[in-house]
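User: Please take a close look at one part of this structure, starting from its nonpolar surface, and then work inwards from there. I would like each term given with its cut-offs.

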Amino acid sequence: LQLLRGDIYYKDLIYRDNPLPYPISGRPAEHIPQFMSADGHGWGFGFRAGLMYKLTKGTIALTAAVPFDITIKGKANLNFLMPRNRTLAYIVGTPEHLFTKGASVKMTTDFETKLNLPASFAVAGSYHPTEKLTVAIDAEMQVWSNFEGLRFDYTNPSAFPIGGTDSATVAFLTAPTVRPVAWKSAGKVALGLKYDWFSKLTLLAGGSLDQGAGRDNQSNLPQLADGGNKLGLNIGGVLHASPRFNCTMVLSYRHQSDMSVTAFY
């Protein structure tokens with residue numbers, strides 16, 4: 001049984017649709033930038049289970065880890081940069097005046113979000129075809145398809161600005177921040193070889209393939225970046241200098257797809 005703690009420190013910039021009709025929402029005031037920062041934590045539970053079985057010439061093991069959703073609460077700071085339009089004049093205290101005077105509207109609220117971490121399932125085994133050779137394999141699947149991204153819901157704002165207490169403006173100022181992702185479950189498989197060449201030297205070699213949850217580049221989160229599929233190769237050895245001292249050297253190579261941005265749309 002696991003006791004899990006989740007911490008979030010999150011900053012974002014969102015472009016909100018101007019809720020008022022034309023001409024107040026006419027270009028370039030059709031979108032209103034909102035800066036937000038959230039800081040909070042929460043607790044949750046999970047469980048991990050496994051078994052290991054020893055064979056005549058090897059070992060096989062199965063494991064599963066299932067974390068439950070962690071509800072995270074804390075404080076959020078919201079800052080709306082309202083448009084300024086000198087050609088329109090409205091009465092002070094009305095929503096129309098609020099959305100045309102060019103003010104910086106700042107609020108502090110409570111927030112709540114759920115962090116749905118992925119479950120994982122793994123199988124591993126080792127086999128000794130000869131006295132000197134050991135072959136090991138490890139495969140794991142992480143169910144990232146259940147992770148839907150982050151949604152911040154805001155409650156208990158510190159104070160609404162003058163002209164911002166009507167239902168439409170309140171809904172605009174407290175609208176949730178949603179950052180969805182369309183990730184897929186990701187698998188990883190690794191193969192390793194160990195060969196005791198002679199009493200003083202052991203040779204090591206291995207390779208791995210690690211899928212990325214966002215390998216189709218459909219969506220990503222700066223806070224949980226995914227680098228796509230990754231290929232790994234390793235080679236090395238262990239020098240048994242004495243019964244109490246070993247010297248190990250391993251060279252590793254990692255390859256992944258080119259994730260550079262070539263154009264903006």
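Analyst: Helices and strands are taken here as DSSP runs numbered from the N terminus, with at least four residues for a helix (H or I) and at least two for a strand (E). The model is a predicted one, in which local features need pLDDT of at least 70 and side-chain atom pairs count only at pLDDT 80 or more, while totals for chains, interfaces and linings use all residues. Residues are numbered from 1 along each chain as its sequence is written, and side-chain values use heavy atoms, with hydrogens and water left out.

The starting point is Val189, which lies in strand β10. Val189 counts as partly exposed because its relative accessibility is 35%; on this scale buried means under 20% relative accessible area, exposed over 50%, and partly exposed in between, with a 1.4 Å probe and protein chains only. Val189 belongs to a nonpolar surface patch of about 690 Å², together with Ile137, Leu191, Leu193, Leu209, Leu231, Leu233 and Tyr253. Such a patch is made of residues with over 30% relative accessible area and no salt bridge, where nonpolar side chains (Val, Leu, Ile, Met, Phe, Trp, Tyr) are joined within 5 Å and like charges within 9 Å. A salt bridge, in turn, is a side-chain nitrogen of Lys or Arg within 4 Å of a carboxyl oxygen of Asp or Glu. The elements giving two or more residues to the patch are β10 and β12 (230–242), and β10 supplies the largest share, three residues.

Beside this surface, Ser208 sits in strand β11 (residues 201–210) and counts as buried because its relative accessibility is 15%. Leaving out residues up to four places away in sequence, Ser208 touches Val189, Ala190, Lys230, Leu231 and Gly232, contact being heavy atoms within 4.5 Å.

The start of β10 also leads to an aromatic pair. Rings of Phe, Tyr and Trp (its six-membered ring) pair if their centres lie within 6.5 Å, with planes under 30 degrees apart counted as stacked, over 60 as edge-to-face and the rest as tilted. By this rule the count comes to nine aromatic pairs. One of them joins Phe147 and Trp183 in a tilted arrangement, 5.5 Å centre to centre with 40° between the planes. This pair links distant parts of the chain, with Phe147 in the loop between β7 (133–142) and β8 (149–155) and Trp183 in the loop between β9 (177–180) and β10 (186–198), 36 residues apart. Both Phe147 and Trp183 are buried.

Further in, the largest nonpolar core has 32 residues, and those with the most contacts inside it are Met36, Phe80, Met82, Phe99 and Phe152; a core is a set of buried Ala, Val, Leu, Ile, Met, Phe, Trp, Tyr and Cys residues joined through side-chain atoms within 4.5 Å. The elements that give it two or more residues are β1 (2–17), β2 (31–54), β4 (70–81), β5 (104–115), β8 and α2 (167–173), with β4 giving the most, five residues. Ring pairs also link Phe152 with Tyr10 and Phe111 into a cluster, and beyond four places in sequence the contacts of Phe152 include Ile8, Met36, Ala38 and Pro176.

Notes
Accessible areas come from the Shrake-Rupley method with a 1.4 Å probe; for residues, only the protein chains shown count as cover.
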